[in-house]
Structure formats: C-alpha cells, structure tokens
Amino acid sequence: GEGSRLEGSRMWPLDETHAELLRLVEGRLRAVFAPTGLWGGAAPADGPAAVVPNALQLTRVSAFNHIANHYDVRDMWKEGIATLAWSELPTEGELRGEAFSLCMQLGAKKAERRTVQVPLPPGSAYVLTGASQGATRTCSLRHVGRAACSCCWTHGVTLSGPARVSRQSLTLRALADDESDSDSEAEGGGGGGGDEPLASDGA
C-alpha cells in the first residue's frame with residue numbers, strides 16, 4: 001500500500017456509507033485480479049476464505065516527490081493490498097495525468113539488493129500479495145512491524161519524468177483480526193521470496 005509513512009496520508013475504517021460506495025471499486029478489483037485470488041475470490045460470498053476490505057487510505061503525493069520503498073506494517077493486514085492511482089490533473093496528451101513506476105526491492109543490504117521497476121500508466125491498479133506484500137505470515141524470519149529482512153519485498157513509487165502534477169491514490173486493505181488470524185493465512189498467502197506484484201492498466 002502507498003503512503004503509510006507520509007504525513008497527511010489519511011486512513012480510517014469504512015463506515016456504511018463509504019463502504020457502499022467502495023463496493024463498486026472492490027468488485028472491479030476482484031474481477032480484474034481474479035487470477036491472484038485477491039481477497040479470497042471473485043466475491044465475498046464465495047466462501048469462508050473470502051476477505052472483505054475494511055480500511056480505506058487516500059494518499060496525495062505532491063509534484064516532484066515520490067514514495068520511498070517501505071513495508072506496510074507487516075503484522076497488521078490480511079492477505080492482499082490493492083491500490084488504484086491517478087494524477088490530480090491531466091497532462092498534455094493524457095487526461096489521466098502522468099505515468100508512474102511501482103518500485104519493488106528485495107534484499108536488506110544495499111550491495112545485494114534486487115530492484116524491479118514496473119512501469120504503469122496513470123489510472124492503473126496494482127495488488128501486493130505474498131512476499132511482495134511483506135507480511136509476517138510469509139516472512140521466513142517472522143518479522144513484524146517494519147523490520148527489514150532479505151526474503152520479502154519492499155515497495156515504493158517513482159514518477160516518470162519531472163512529475164509536474166500531484167498524484168492521488170486509493171488503497172484498500174483488510175485489518176487482521178488478531179495475531180492468530182494473520183498467521184492462519186500463511187499457507188494460502190502465496191509466496192516465497194520470488195513473488196512479484198501484479199498490475200493492471202485502468203482497473
């Protein structure tokens with residue numbers, strides 16, 4: 001997820017009104033990322049393994065800035081973090097604004113770090129699962145919080161070109177009920193250290 005360490009990035013549980021509006025977005029994300037099993041299936045009614053996102057985060061990155069690589073709090077979220085991003089204003093030749101890249105890094109030591117840049121047009125969505133999410137349940141060292149390791153990926157965002165306009169993003173997550181809930185998903189979490197994020201243009 002984006003901006004968890006940025007000042008001014010807001011996150012809150014969804015009340016009924018917001019939840020109703022966000023169900024359309026959730027349904028679209030489930031459909032687009034169905035091959036990943038995002039949140040347990042195509043719809044919450046699919047079975048007991050299904051997860052319903054209950055936390056919404058809105059992030060604004062001002063022009064000429066980026067989001068440094070980081071872990072979301074590793075023991076706080078259930079499997080699957082989905083982000084939809086777009087520019088605040090249109091740019092020449094593109095109504096959705098400027099392109100961006102999802103920057104994934106693996107390795108705690110800089111000299112041994114592997115970096116994967118995933119270029120994405122504005123209006124794209126991406127999902128983090130398994131080792132790309134960096135959750136405690138998929139970490140071989142069972143790290144919590146934002147403790148670094150060499151088996152899980154960090155994520156960040158870089159903007160293409162001079163980034164003349166601000167960037168907005170919407171992130172959906174599901175809070176882990178408790179420690180046992182987070183741990184119980186390890187078998188279905190998908191992932192060793194080789195997992196990489198999936199992305200979609202215009203979800």
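Read from start to end, the protein chain of this predicted model runs β-α-β-β-β-β-β-β-α-β-β-α-β. That pattern adds up to 3 helices and 10 strands. Anyone tracing the chain for the first time can use the order as a map: a strand opens the pattern, a helix comes next, and then a run of strands follows before another helix turns up. Two more strands, a helix and a strand finish things off.

As for how the chain packs against itself, residues 24 or more positions apart make up 79% of the contacts in the protein chain, counting those with a separation of 6 or more. The protein chain has 203 residues, and 46% of them count as buried. On the outside, the exposed surface comes to about 9,900 Å². Carbon and sulfur atoms supply 55% of that exposed area.

Then there are the cysteines. A search through the whole structure turns up 0 disulfides. Cys149 has its closest cysteine sulfur in Cys151, but the two sulfurs sit 3.6 Å apart, which is too far for a bond. A disulfide would need the pair to be within 2.5 Å, so at 3.6 Å Cys149 and Cys151 do not qualify. Seen from the other side, Cys151 is likewise in no disulfide, with the sulfur of Cys149 as its nearest cysteine sulfur.

How buried or exposed are these two residues? Cys149 has a relative accessible area of 3%, so this residue is buried. Cys151 comes in at 16% relative accessibility and also counts as buried, because the cut-off for buried is under 20%.

Notes. Residues are numbered from 1 along each chain as its sequence is written. This is a predicted model: local features need pLDDT of at least 70, side-chain atom pairs count only at pLDDT 80 or more; totals for chains, interfaces and linings use all residues. Side-chain values use heavy atoms; hydrogens and water are left out. Helices (H or I, at least four residues) and strands (E, at least two) are DSSP runs, numbered from the N terminus. Buried means under 20% relative accessible area, exposed over 50%, partly exposed in between (1.4 Å probe, protein chains only). Contact means heavy atoms within 4.5 Å. Accessible areas come from the Shrake-Rupley method with a 1.4 Å probe; for residues, only the protein chains shown count as cover.
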